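Subject: Structure handover

Hello,

I am passing this structure on to you. Please open it first, then read the notes underneath.

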Amino acid sequence: MYTKQEKTNGSMNNRRVKVGRNDPCPCGSGLKYKKCCLRKKAPGDENLKDQYLRRYNIRLKEKKDIEGIRRAGRLAIATLDLVEAALRPGMTTEDINTIVHDFTVENGAVPAPLNYRGFPKSVCVSVNEVICHGIPGERLLNDGDIVNVDVTPILDGYYADTNKTFFVGTPGADARKIVDVAGNCLKLGMSMVRPGNTIGDIGWAIQNYAEGRKCSVVREFIGHGVGLDFHEAPQVPHYGRKGEGIVLVPNMVFTIEPMVNLGKSSLRVLKDNWTAVTKDSSLSAQFEQTILVTEDGNESLTPYDL
């Protein structure tokens with residue numbers, strides 16, 4: 001995930017009016033959007049790729065890239081399934097790191113978080129009040145905890161990024177609520193992904209739902225492009241306004257990963273310079289998938305049920 005400080009040319013500062021089917025195509029061909037890049041049948045396709053790279057530093061993916069990310073995504077989901085099966089009260093967050101690291105390496109991949117900008121472990125494990133970037137260690141999981149496990153394998157040079165928040169033992173009412181809200185936020189954000197919509201549409205759907213459930217959306221950490229690198233353009237905030245932001249076009253690949261707090265959105269980062277926690281010690285939950293914009297909607301490259 002990007003922080004606000006990791007600015008790219010694909011930030012929300014590049015505001016665009018939402019493009020309709022009968023509006024001029026954003027690639028600059030002069031054709032209507034429906035006759036050009038919406039269906040990817042016009043000679044402007046290559047120009048669209050060049051335009052998005054030049055304007056926003058967004059690398060639209062080729063078929064071979066998408067298949068590579070999809071393979072990495074299957075490994076990422078298998079890793080989360082393995083962790084879920086092993087979760088129990090009394091295990092440590094370091095135990096989770098061992099499971100993720102060993103399974104990733106055994107399958108011919110590399111854990112992207114390990115040594116990324118100095119991060120010391122192979123997975124982020126965030127418990128209860130930890131919003132994101134929890135460093136695995138000796139923290140014990142207790143009955144009733146919630147724990148987010150965020151994995152990113154690099155397989156044959158391709159990255160897939162995904163996470164889920166799990167219950168440990170029997171959850172209480174607050175734990176059930178925040179996990180339910182966070183999962184629905186991802187689901188609603190994904191429902192806005194289709195050509196012609198904007199990044200702002202995604203954030204609006206997430207923010208509107210979360211705040212309607214009396215929860216808050218973290219703003220300091222956001223989704224991002226992914227696939228050829230760990231973090232690419234565009235940035236994908238989990239708040240926003242309908243119709244604003246970069247127009248979505250086929251073959252964009254990015255994460256949607258809303259971090260939702262039961263209390264206020266304020267956070268603080270611990271002395272390890274990684275672990276972000278809620279300032280009011282309220283519970284925080286997150287779900288993430290890597291999403292491909294298709295010609296008529298979207299496909300999750302790290303699919304699981306929400």
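Below are notes on rings, helices, a hairpin, a loop proline and salt bridges.

Please keep in mind that this is a predicted model.

**Aromatic pairs**

The search covered the whole structure and gave 4 aromatic pairs. One of them is Y52 with Y56. Their ring centres are 5.1 Å apart and the planes meet at 70°, so this pair is edge-to-face. The cut-off for that label is over 60 degrees. Both residues sit in helix α1 (residues 45-56), and because they are 4 residues apart, about one helical turn separates them. Are these two tyrosines, Y52 and Y56, buried or exposed? Y52 is buried, at 1% relative accessible area. Y56 is buried too, at 3%.

F119 and W274 make another pair. Here the centres are 5.1 Å apart and the planes are at 85°, so the geometry is edge-to-face. F119 is in the loop between β2 (110-111) and β3 (124-127), while W274 is in the loop between β14 (267-269) and β15 (276-278), so the pair ties together parts 155 residues apart in sequence. F119 counts as buried, with 2% relative accessibility.

There is also a cluster. Ring pairs link Y116, Y159 and F230.

**Charges over rings**

Two lysines are worth a look. K164 has its charged end over the ring of Y304, 4.7 Å from the ring centre. K242 places its charged end over the ring of W204, at 4.6 Å from the centre.

**Helix α2**

Helix α2 covers residues 63-86, which makes 24 residues. From first C-alpha to last it reaches 35 Å. That is close to the 34 Å expected at 1.5 Å a residue. Which of its residues are buried? The list includes D65, I66, I69, A72, L75, A76, T79, L80 and V83. An α-helix has 3.6 residues a turn, so residues three or four places apart point the same way.

**Salt bridges**

How many salt bridges does a search of the whole structure find? The count is 11. Side chains of opposite charge can pair when their charged atoms come close.

Start with D65 and K64. They form a salt bridge, with the closest N and O atoms 3.3 Å apart. The two partners differ in exposure: D65 is buried at 7% relative accessibility, whereas K64 is exposed at 58%. The cut-offs are under 20% for buried and over 50% for exposed.

Next, R71 and E67. Their closest N and O atoms are 4.0 Å apart, and the two form a salt bridge. Both lie in helix α2, 4 residues apart, about one turn of the helix. R71 is partly exposed, with a relative accessible area of 33%. E67 is partly exposed as well, at 28%.

What does E94 pair with? Its salt-bridge partner is K121, and the closest N and O atoms are 2.9 Å apart. E94 lies in helix α3 (residues 93-106) and K121 in the loop between β2 and β3, so this bridge ties together parts 27 residues apart in sequence. K121 is partly exposed, with a relative accessible area of 21%.

One network also turned up. Salt bridges with shared partners join E67, R70, R71, R74 and E299.

**The β10-β11 hairpin**

Strands β10 (residues 221-225) and β11 pair in the antiparallel sense, over 3 bridges. H224 stands opposite Q235 in β11. The two strands form a hairpin, with 6 residues between them. In the turn, G227 has a positive phi of about 135°. Strand β11 (residues 232-236) is mostly covered, with 5 of its 5 residues buried.

**A loop proline**

Last stop: P171. Where is it? P171 is in the loop between β8 (162-167) and α4 (173-191). P171 is buried, with a relative accessible area of 13%. Its C-alpha atom is 4.3 Å from that of G144, although the two are 27 residues apart along the chain. Leaving aside neighbours within four places in sequence, P171 is in contact with G144 and R176.

Over to you.

Best wishes

Conventions. Residues are numbered from 1 along each chain as its sequence is written. This is a predicted model: local features need pLDDT of at least 70, side-chain atom pairs count only at pLDDT 80 or more; totals for chains, interfaces and linings use all residues. Side-chain values use heavy atoms; hydrogens and water are left out. Rings of Phe, Tyr and Trp (its six-membered ring) pair if their centres lie within 6.5 Å; planes under 30 degrees apart count as stacked, over 60 as edge-to-face and the rest as tilted. Buried means under 20% relative accessible area, exposed over 50%, partly exposed in between (1.4 Å probe, protein chains only). A charge sits over a ring if NZ of Lys or CZ of Arg is within 6 Å of the ring centre and within 35 degrees of the ring normal. The expected span of a helix is 1.5 Å times one less than its number of residues. Contact means heavy atoms within 4.5 Å. Two strands pair if DSSP finds at least two bridges between them. A salt bridge is a side-chain nitrogen of Lys or Arg within 4 Å of a carboxyl oxygen of Asp or Glu.
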